[in-house]
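Student: I've got a model open on my screen and I'd like to learn how to read it. Can you walk me through it?

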Amino acid sequence: MSTTHELVEGHLSQSLENLRTDELLLNMGPQHPSTHGVLRVVVTTDGEIVKAAKPEIGYLHRCFEKHSENVDYMGVAPYVDRLDYLASMNNAMGWAIAVEGMVGIEVPRRAEFIRVITAELQRIASHLMSFGTYGLDMGAFTAFMFGFRDREMILDIFEMMSGARLLYNYMWVGGVSRDITPEAIAKIKAFLDYFEPKIDEYNDLLSFNKIFIERTKDVGVIDVDTCHSYGLTGVMLRGCGVKWDLRKEVPYSIYKEVEFDVPVGSGEMGTLGDCWDRHIVRMREMKESVRIVRQLIDNIPSGPHRGKVGKVVKVPAGESFSRTECPRGELAFYIVSDGSAKPFRVRCKSPCFLNISTLDELTRGVMVADLIATIGSLDIVLGEVDR
Amino acid sequence: MTFEEIHQKLLAKFPQAVQGIEETVPEKSLKIHPEHIVSVIRFMKDEMQFETLGDLCGLDYPALSASCVAYHMQSYAHKKVVRLKCYLPREGAAIESVTSLFKAANWLEREAFDMFGIRFNGHPELRRILCPEDWVGHPLRKDYQTPDYYNGMPVPLYFDNPNESTAGNAHK
Amino acid sequence: MIPSDSVVMTSVDEVLSWGRRNSLWPLTFGLACCAIEMMATGASDYDLERFGCGVFRATPRQADLMIVAGTVTLKMASRIRTLYEQMPEPKWVISMGSCSNKGGPYWHEGYHVLKGVDRVVPVDVYVPGCPPRPETLLEAVMMLQKKIRVQESSMGLLGSLRKQV
């Protein structure tokens with residue numbers, strides 16, 4: 001005769017087989033602490049497993065391309081700053097290089113040095129923000145505090161150089177808007193000495209933390225063919241093991257003259273191309289940026305900080321597609337000029353736009369918590385996605 | 001692989017598709033007939049090692065009464081970017097979608113539709129992506145007028161008099 | 001307040017007003033670039049927690065301050081109104097940055113930008129800047145605290161209860 005326990009078990013397993021469940025439509029609305037901005041993800045879940053996660057964007061569409069048709073080339077620079085607002089020096093450098101390529105302006109050596117130093121410091125600040133917010137998404141609040149503390153030091157340096165903390169309007173067509181002072185150089189050197197050992201400390205704190213590894217390994221795995229199909233560049237591509245960095249392959253400015261490595265993911269903790277690989281690539285890129293700034297900071301040549309550019313930049317009729325390596329991928333500007341003072345058409349190809357479009361494919365069949373981990377590893381900034 | 005070599009190779013394979021070169025500075029573009037764009041891009045992807053679609057955007061030329069779709073094909077092997085332009089009529093512009101070749105085209109074509117009104121035949125889900133679903137008009141066209149109201153909210157800062165802004169008067 | 005050795009005499013609405021202004025819990029409502037400066041204000045260098053705005057609540061049901069930080073687009077405007085209506089009384093709104101004050105740098109050609117969040121929600125304090133420095137946001141919070149003290153003390157307990165109904 002079977003026991004009560006066996007009777008109950010048998011009854012339960014029978015009723016579970018006939019249990020009809022429905023899928024739940026969950027709206028990770030535009031206001032959410034972990035979506036890095038106003039992103040809406042419409043998630044269909046079967047219990048805890050995600051069946052589909054469709055991102056809906058456009059909640060921060062600020063009409064950048066329409067504005068750029070109504071101001072002149074110098075006036076587009078503040079709008080370009082506000083695209084990827086965490087890396088505005090890199091955006092501005094991309095725009096300045098795009099316009100200089102069309103006009104044929106030669107940028108003085110001193111300006112090139114200052115540009116690369118500020119661009120690499122901005123890359124460090126952007127990756128620190130990514131490190132901090134990724135930790136915050138995973139529940140590690142200390143990473144956020146440490147990341148912001150060091151980021152404030154970089155913002156102090158930028159305030160000394162350009163006058164602003166977040167959106168600088170510093171890189172002008174032809175050079176930079178203000179020269180660098182010896183106090184700023186001393187401050188940068190002090191920051192580099194302070195910050196380099198901190199990267200190892202942050203790796204010990206977060207990257208090699210058992211809980212963080214368990215949450216990010218084998219999650220959000222992407223392979224190289226999918227990357228090419230979606231047009232992904234930057235850390236997404238380097239996390240899959242492809243050693244492609246525009247600063248090395250198609251160098252612009254003075255990147256040919258500096259030595260640095262390109263870190264790639266290798267699947268050391270989980271699968272190749274998972275969230276952990278992308279995170280460690282960002283941490284290692286910070287080290288390489290420190291290396292670049294150290295090579296340049298003591299050897300800034302003297303000279304003008306801006307080339308000879310008139311008050312109104314005259315761009316001849318033509319078209320140009322120019323791309324630069326920003327912290328989130330390859331930012332490209334396609335400028336169509338008809339010879340007048342204002343651009344005819346400016347198209348900004350943003351890497352985050354393509355990054356977020358992969359979300360549905362990356363998160364089939366994972367749990368809801370892994371969805372958050374994947375969004376964090378894509379490192380999107382909605383200002384650039386929606387323009 | 002220079003631009004001229006790419007042009008000659010495509011001309012040899014698709015003589016009726018390649019309509020010519022736009023001699024713009026600093027970079028030239030290839031004009032492709034809209035009907036053959038999918039086969040040209042498939043050939044570039046499979047045979048010429050242009051692995052990625054870098055960008056897809058729309059353009060509006062009211063002076064030529066045309067709109068245009070510009071494709072930027074990127075090659076990692078050759079470290080090159082080539083621009084293909086397909087000119088379409090301004091009203092009722094429609095072109096074949098390349099979503100079957102590149103998944104990036106899904107969202108990029110939705111944006112070109114949203115901003116210019118260019119339809120992409122064969123696209124799985126052609127709807128607006130940046131503007132709201134019930135938006136009227138295609139904003140990046142040169143003859144676009146900003147609407148006065150959207151769902152009861154005034155859109156411009158002022159209507160006729162710069163000193164009378166449509167100021168806030170929200171109630172609790 | 002008449003303080004003595006171990007007893008303090010005060011009025012109910014002063015205590016209420018003291019409690020409300022010194023524990024303003026903000027809603028995490030960063031939209032764009034100003035959100036980064038709001039996060040920097042909440043981080044260690046310009047600590048917002050010492051003003052009582054310790055925890056940033058993710059749900060509007062538990063928040064009493066909404067800091068609209070960033071550009072408000074037409075697509076987002078209806079959601080802002082919904083979030084505002086979900087917040088329980090008493091509630092206050094700080095409009096941070098020029099985009100939410102009057103449209104900011106996007107005022108001219110922004111077909112999709114709402115020229116000021118005060119078209120959908122009533123605003124108590126406006127903070128200028130693009131983006132405003134963290135110290136400016138701290139000043140705005142202090143100004144709001146002063147406003148709460150003045151408003152509540154002038155209306156009295158019955159007045160503030162009547163306002164909520």
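**Reading the model, one feature at a time**

Tutor: Let's begin with one residue: Asp143(B) has a relative accessibility of 45%, so it counts as partly exposed. Keep in mind that this is a predicted model.

Student: What does Asp143(B) pair with in a salt bridge?

Tutor: The general idea first: side chains of opposite charge can pair when their charged atoms come close. Here the partner of Asp143(B) is Arg90(B), with 3.6 Å from N to O. Asp143(B) sits in the loop between strands S7 (119-121) and S8 (149-150) of chain B, while Arg90(B) sits in the loop between strands S5 (80-89) and S6 (94-96), so the bridge ties together parts 53 residues apart in sequence.

Student: And Arg90(B), is that one buried or exposed?

Tutor: Buried: Arg90(B) has a relative accessibility of 14%, and the cut-off for buried is under 20%.

Student: Which salt bridges should I look at in chain A?

Tutor: Try Asp84(A) and Arg328(A), whose side chains meet at 3.2 Å, N to O. These two are 244 residues apart: Asp84(A) is in the loop between helices H3 (76-81) and H4 (88-103) of chain A, and Arg328(A) is in the loop between S6 and strand S7 (329-337) of chain A. Both Asp84(A) and Arg328(A) are buried.
Then go to Asp193(A) and Arg294(A), which form a salt bridge at 3.1 Å, N to O. That pair connects helix H7 (residues 182-207) of chain A, which holds Asp193(A), with helix H12 (residues 275-297) of chain A, which holds Arg294(A); the two residues are 101 apart. Arg294(A) has a relative accessible area of 34%, so it is partly exposed.

Student: Which residues of chain A are joined into one network by salt bridges that share partners?

Tutor: The members are Glu120(A), Arg123(A), Arg238(A), Asp245(A), Arg247(A), Glu285(A) and Glu325(A). Over all chains, a search of the whole structure finds 55 salt bridges.

Student: OK, on to interfaces. How many residues are in contact between chain A and chain B?

Tutor: Start by counting who touches whom, then ask how much area goes under. Chain A brings 41 residues into contact with 43 of chain B. Between them they bury about 3,500 Å², with 57% of it on carbon and sulfur atoms. Glu319(A), Phe321(A) and Phe344(A) supply 18% of the area that chain A buries against chain B, more than any other three residues.

Student: How many salt bridges cross the interface of chain A and chain B?

Tutor: The rule finds 9 of them. For one you can click on, look at Arg127(B) with Glu56(A), where the closest N and O atoms are 3.3 Å apart. There are also 18 residue pairs in polar contact across this interface, both residues at pLDDT 80 or more. Strand S6 (residues 318-326) of chain A gives the most to the side of chain A that touches chain B, with 5 residues. By type, the residues on that side of chain A split into 17 nonpolar, 10 polar and 14 charged.

Student: What about the interface of chain C and chain B: how many salt bridges does the rule find there?

Tutor: It finds 0, and the count of residue pairs in polar contact between chain C and chain B is 3, both residues at pLDDT 80 or more. Helix H3 (residues 74-86) of chain C provides the largest share of the side that touches chain B, 5 residues. That side of chain C has 10 nonpolar, 2 polar and 8 charged residues.
As for size, 20 residues of chain C are in contact with 24 of chain B, and the two chains bury about 1,800 Å², 62% of it on carbon and sulfur atoms. In chain C, Leu74(C), Tyr111(C) and Arg119(C) lose the most area to chain B, together 39% of what that side buries.

Student: Last one: which residues touch the most other members in the largest nonpolar core?

Tutor: That core has 200 residues, and those touching the most other members are Trp95(A), Phe333(A), Leu10(B), Met44(B), Tyr71(B), Leu84(B) and Met66(C). Helix H5 (residues 109-138) of chain A contributes the largest share, 13 residues. Apart from this core lies another one of 21 residues, including Ile67(C) and Val125(C).

Terms used
Residues numbered from 1 in each chain as written. Chains lettered and ligands numbered in written order. Predicted model: local features only at pLDDT ≥ 70, side-chain atom pairs only at ≥ 80, totals over all residues. Heavy atoms only, no water. Core = buried A, V, L, I, M, F, W, Y, C linked by side-chain atoms within 4.5 Å. Buried < 20%, exposed > 50% of the residue type's maximum accessible area, 1.4 Å probe, protein only. Helix = DSSP H or I, 4+ residues; strand = E, 2+ residues; numbered from the N terminus. Contact = heavy atoms within 4.5 Å. Buried area = accessible area lost by both parts, 1.4 Å probe. Salt bridge = Lys/Arg side-chain N within 4 Å of Asp/Glu carboxyl O. Polar contact = N/O pair within 3.5 Å; in protein donor to acceptor, adjacent residues only side chain to side chain. Nonpolar A, V, L, I, M, F, W, Y, C, P; charged D, E, K, R; others polar.
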